[in-house]
Structures are given as structure tokens and as C-alpha cells.
There are 2 protein chains.
Amino acid sequence: MVRKTGTQRREDSLSRDRIIEASIELLDSSGEGGLTFRALSERLATGAGAIYWHVANKSDLLTAACDAVIARTITSCGVGERPAATIRALALGVFDAIDAHPWVGSALTQAPGQSPMVRILEPLGQQVRALGVPDDEQWAAVGTLLNYMLGVGGQNAANGQFGRARALDRTDFLDAVATAWSQLDAQEYPFTRSIAAALRSHDDRADFLAGIDLILRGITSPRR
Amino acid sequence: MVRKTGTQRREDSLSRDRIIEASIELLDSSGEGGLTFRALSERLATGAGAIYWHVANKSDLLTAACDAVIARTITSCGVGERPAATIRALALGVFDAIDAHPWVGSALTQAPGQSPMVRILEPLGQQVRALGVPDDEQWAAVGTLLNYMLGVGGQNAANGQFGRARALDRTDFLDAVATAWSQLDAQEYPFTRSIAAALRSHDDRADFLAGIDLILRGITSPRR
DNA sequence: ACCTGAACACCGTTCAAGT
DNA sequence: ACCTGAACACCGTTCAAGT
């Protein structure tokens, strides 16, 4: 492919892609608060204003970074033979991506109807169809799966943020919550108290999958 | 109850509660971005620093405002006779609260394990128990319901934010998303395209309830 | 066409000083 | 004990000016 002479670029010139890659690195290393036009322009050895030539604003940039991560995730998930298994694999792929990049969890929520969400919605919808769900029930099924995934993703991101703000790692954080829950009033909060202990040793990923399976059971079970 | 003389207060003196009430009003009228220590101190006719005597920081304030709204909501929901109906009423109560105060949707997500979440978690757990779900499956059931509610709440908040930033009302926003979806590639995005039209006329509240019912079906249907 | 970087209009938070 | 308000260290975004 030949560029018109005159639009020739230096090898290391700015581009939307380079900006997005640098943003992902910044977000991964410093959390949601780490993405700053100043930090970004320093990392890219350019002026803050230069970034605005390639990107509309911060929200656009965050969504684009999220989209890049989600695009890779979805591509690498592939399509299995059985719809339910494919949905599980897809959901786990998104979960793992959010686990590796907690900021994706909140970026996903902040981009309603945008590209990153559609990338997840589409294969989810195709598999729900393949499951044999009638047309008029497909949206409920897909919406439930998607919103559940967004909820877990958001919590994952919040846990990370919360811990980072208080300089706690995951274990310390869970420990703090478990302790607080176990000290709640016994009359008013019996259930919360009863699960406080289990919180310390629970497996986020397994719990997430249990939720997906529960929803899949709801989708395929007969309506009364 | 008699206060020690000397800690007597002017009728209109600052208090945590007054600050929280003013915050809720500010958030309701100006959205998530409207809660500012400057705006708040102006509304309360005080200095910005005064607020810090009653509140640890902005995150604490937002969570407290969210907690006040959720507390009222849960109280007014009441407990019905049948567990499933009570769970539905509870979920709808939270949905309506978030619909009336979209910022609650994102505040809820940002306070993992904190008081507002526990207020929802507890009655949900009690009703799941009442449903006869075995001990070792209760957490999965409650977690799925809760995360789904958080996901929907987050989307609701994001829709509002997104619309506000672009000065679109709900109809315009849905219309913009529906149009974008219907213009996606037919080969790659058949499902998303197929539901684009329905998006324009869908009922958030009914869809939300359909998801709750689907999950309830999953909870009560036999495991294989 | 693309980049620079100073300037603008904001933030949350702190803290010496007041009452 | 509670409040004041200036000051600090940041933000995102704009824009005249450069190449």
C-alpha cells in the first residue's frame, strides 16, 4: 500500500492506535486514575493538545482502549460446537479480560450501545438463537446475560479501585469486608453475616461461571 | 434528649444529614458531575472545607447519598407472602429508585461490600432462603440477582450520563443507538441488526423484570 | 496535515486561622 | 467543636502559533 507523498509519516509519529496502546499500558499500570492527557503526552513524548488531533476526548479514548481489549478477547474466544458451551467460553473470556484489566469493567458500562458492548452482544445473541430460544424471548435472554456480565465486571473494577485507593490487595480487601459483615447486627442481617466467612475464600471466577450457568438454566427451562 | 450546653447548634447548622440531603438534590438536578464541593458549599452557604468536618471525602459522600436513597427504597418495599413475589418487588423498587436517581446506579457499583449493597443483599438472601434454596447454592443465587441488578443499574446511569453529555433525551438516545446498530455490517452483526428496531420501543422496566424472572426460573429449576 | 505548549476554567483536598 | 476561605496540586480542553 502506497501513501500519497506528503502524508508520509515518521516511523514514530503519533497515530490513534499508538495513543490507544499507550493508554492501555497506562491504565493497566496505574488504574483508572492513571489515564491522563498529561501522563499520556509525556509517555508519547508529545504535547497534550496533539492527542486531540486523533481522539475526540477522554471518554472517546477510554472507550477505544476498552474496545481494543474486548476485540482481541472476542476474537480469541472462537465458536464451539454447542451453544451453551460457546456462551460459557465467551463469558469467561470477558471475565478474564476484565480481571486482567479491571478498568475495562467500568469502561464497558460507560459506553452503552457502543462498539465494545456490541462486540459482546452479537455473539451472545447468535448463540442464544442457536440455543433455539424463540424470537420474542431472545432479547430478554441476551440482555440478562449481558447485564449480569456488566454487573460482575463493574464490581471487579470497583474492588480493584477500592483496594488501590486504600492500598489493599485483594485478600486484605475481602478480609475487611468479611470482618465488617460479620460484625453486623445479628437480628437485622442474618444472611449477610452467614456468608461473611465464605467471602474470604470464595473464587470470583467460579462464582461468575455459576451465575452464567444459573441464567442458562433459566433460559432453557420451560416457562410456566 | 438533652445536648451538653456548649455543643448547642444553630437551627440551620451543618450536619452530615443536611450535607447528604443537599448532595442528593444536587445529583438529581445536575447529574453525577453536579456533585462538587464548591456547588455544595454554595448551596449550604458555607465554606468548602467545612464539609470535610462531617464527611471523609467525595467518595464517602457519594456512597452516603446512595445509601440514603437505597435505605428509603428498601424500607418501603416491605415483605410479601411469597418469596418470589417479594424478590420481584424488591428488585423493582431498586430499579425505580435508580430510574428516579440515575446516579445511584453508578454509586452502587462504586461501593463494593458497603452499606448500600448490604441493604439489598440482605433481604435478597433472606428471600432466597425462604425459597428453599440449599445453603451451598444461596450465594450463587443471590450474587446472580445482585450482579444483574447492578448491571442494569449501571447501564441506566450510563444512558443518562451519555444522553446528558450530548443533550439527548431518552428517545433521542435510543434512536441514535438503534440507527447505528441498523447500519452495522449484515454479515458480521445479524443479531444486533435484528434487534435494533425493537430497541426504539422497548420498555426498560418490563425488560428488567423479565430478567429477574428468568433468573428466578434458573434458581428454582432443577440442576442437571 | 499535524503538532506545540501555554492558558483557561475547573476540580478535590488541606490547613492555618478564626469563633 | 466547628467553620472559613485561601492555597495547592492537580484535571480536561482549547487554540493561536508553528512546521
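In this predicted model, a backbone N or O atom of Phe37(B) lies 3.1 Å from a phosphate oxygen of DNA strand C. Chains A and B contact each other through 54 residues of chain B and 54 residues of chain A, where contact means heavy atoms within 4.5 Å. Both DNA strands, C and D, have 17 residues around them.

Because this is a predicted model, local features need pLDDT of at least 70 and side-chain atom pairs count only at pLDDT 80 or more, whereas totals for chains, interfaces and linings use all residues. Residues are numbered from 1 along each chain as its sequence is written, chains are lettered from A and ligands numbered from 1 in the order in which they are written, and side-chain values use heavy atoms, with hydrogens and water left out.

**DNA strand C**

- Thr46(A), His54(A), Arg38(B), Tyr52(B) and Lys58(B) come nearest among the 17 residues around strand C; a residue is near a strand if one of its heavy atoms lies within 4 Å of it.
- Sugar and phosphate make up 52% of the atoms of strand C that come within 4 Å of the protein.
- A backbone N or O atom of Leu35(B) is 3.4 Å from a phosphate oxygen of strand C, and a polar side-chain atom of Arg38(B) is 2.6 Å from a base nitrogen.
- H3(A) gives the most to this surface, with five residues; helices are DSSP runs of H or I, at least four residues long, numbered from the N terminus.
- By class, the surface near strand C has seven nonpolar, seven polar and three charged residues; Ala, Val, Leu, Ile, Met, Phe, Trp, Tyr, Cys and Pro count as nonpolar, Asp, Glu, Lys and Arg as charged, and the others, Gly among them, as polar.

**DNA strand D**

- Around strand D, the nearest residues are Arg38(A), Tyr52(A), Lys58(A), Thr46(B) and His54(B).
- Phosphate oxygens of strand D lie 2.8 Å from a polar side-chain atom of Tyr52(A), 2.7 Å from a side-chain N or O atom of Lys58(A) and 2.5 Å from a side-chain N or O atom of His54(B).
- Helices H2 (37-43) and H3 (48-54) of chain A and H3 (48-54) of chain B each supply at least two residues of the surface near strand D, and the largest share, five residues, comes from H3(B).

**Interface of chains A and B**

- About 4400 Å² is buried between the two chains, with 66% from carbon and sulfur atoms; buried area is the accessible area (1.4 Å probe) that two parts lose on being put together, summed over both.
- On the chain B side, Trp139(B), Phe191(B) and Arg217(B) lose the most area to chain A, together 16% of what that side buries.
- The interface has zero salt bridges, that is, no side-chain nitrogen of Lys or Arg within 4 Å of a carboxyl oxygen of Asp or Glu.
- Ten residue pairs, both at pLDDT 80 or more, are in polar contact across the interface; a polar contact is a pair of N or O atoms within 3.5 Å, and within protein one must be able to donate a hydrogen and the other to accept it, while residues adjacent in sequence count only if both atoms are side-chain atoms.
- H8(B) contributes the largest share of the chain B side, 17 residues.
- The residues of that side divide into 27 nonpolar, 20 polar and seven charged.
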